[in-house]
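Student: I have a protein model open and I'm not sure how to read it. Could you walk me through a few features?

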Amino acid sequence: MAKKKERRGSIHIGKIIKAHLKESGMTKTEFSRRIEKSPQNIYGIFKRQSIEVELLSTISRVLQYDFFQYYASTAMVTDGENMPTGRP
């Protein structure tokens, strides 16, 4: 079965979280405890291409990393004069 094509510039936040968790050295069990999710739920998070703001905020705090920066860098849209509008 063919893989789904991702849009150019799209973010797979689950893969990014998984990479930062691995880099942090924290176990998945400890991570799940700190974000108050079951260990099984953690694997679901790793598969997500999108995530709720509140959960991402919690994950950012626990891993001490600003995951919102990935969205900020792709969300800027320019108006007719090449000025960022902040609108997607």
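**Reading the model together**

Tutor: Sure, and keep in mind that this is a predicted model. Let's begin with exposure: Glu36 has a relative accessibility of 72%, so this residue counts as exposed, the cut-off being over 50%.

Student: Where does Glu36 sit along the chain?

Tutor: Glu36 is in the loop that links α2 (28-34) to α3 (39-46).

Student: What is the sign of phi at Glu36?

Tutor: Here's the general idea first: most residues other than glycine have a negative phi. Glu36 is not a glycine, yet its phi is positive, about 60 degrees. Now look at Gln64, another residue other than glycine with a positive phi, in this case near 50 degrees. Gln64 comes right after α4, in the loop between α4 and α5 (69-75).

Student: Is Gln64 buried or exposed?

Tutor: Exposed, because its relative accessible area is 73%.

Student: Okay, zooming out: how many helices and strands does the protein chain have?

Tutor: There are five helices and zero strands. If you follow the sequence, the pattern reads α-α-α-α-α.

Student: And what share of the residues is buried?

Tutor: To count as buried, a residue needs a relative accessible area under 20%. In this protein chain of 88 residues, 27% pass that test. Helix α4 is a good place to look, with Leu55, Leu56, Thr58, Ile59, Ser60, Val62 and Leu63 all buried.

Student: Why does Ser60 count as buried?

Tutor: Because its relative accessibility is 11%. Ser60 is part of α4, which covers residues 53-63. Leaving out residues up to four places away in sequence, Ser60 touches Tyr65, Asp66, Phe67 and Phe68.

Student: How do I read the way two helices sit against each other?

Tutor: Look at how far apart their axes are and at what angle they cross. For α1 (residues 13-24) and α4, the axes come within 11 Å and cross at roughly 20 degrees. Angles under 35 degrees count as roughly parallel, so that label fits α1 and α4. Their crossing is left-handed.

Student: Which residues make the contact between α1 and α4?

Tutor: From α1 you get Ile13, Ile17, His20, Leu21 and Ser24, while α4 brings Leu56, Ile59 and Leu63. Sorted by type, the residues of this contact are six nonpolar, two polar and no charged.

Student: Last one: how much accessible surface does the protein chain have?

Tutor: About 6,900 Å², and carbon and sulfur atoms account for 51% of that.

Conventions: Residues numbered from 1 in each chain as written. Predicted model: local features only at pLDDT ≥ 70, side-chain atom pairs only at ≥ 80, totals over all residues. Heavy atoms only, no water. Helix = DSSP H or I, 4+ residues; strand = E, 2+ residues; numbered from the N terminus. Buried < 20%, exposed > 50% of the residue type's maximum accessible area, 1.4 Å probe, protein only. Contact = heavy atoms within 4.5 Å. Areas by Shrake-Rupley, 256 points an atom, 1.4 Å probe, with all protein chains shown as cover. Axes fitted to C-alpha atoms, helices over the stretch in contact; angles between N-to-C directions. Parallel < 35°, antiparallel > 145°, perpendicular 65-115°, else oblique. Left-handed = near helix turned anticlockwise from the far one by under 90°. Nonpolar A, V, L, I, M, F, W, Y, C, P; charged D, E, K, R; others polar.
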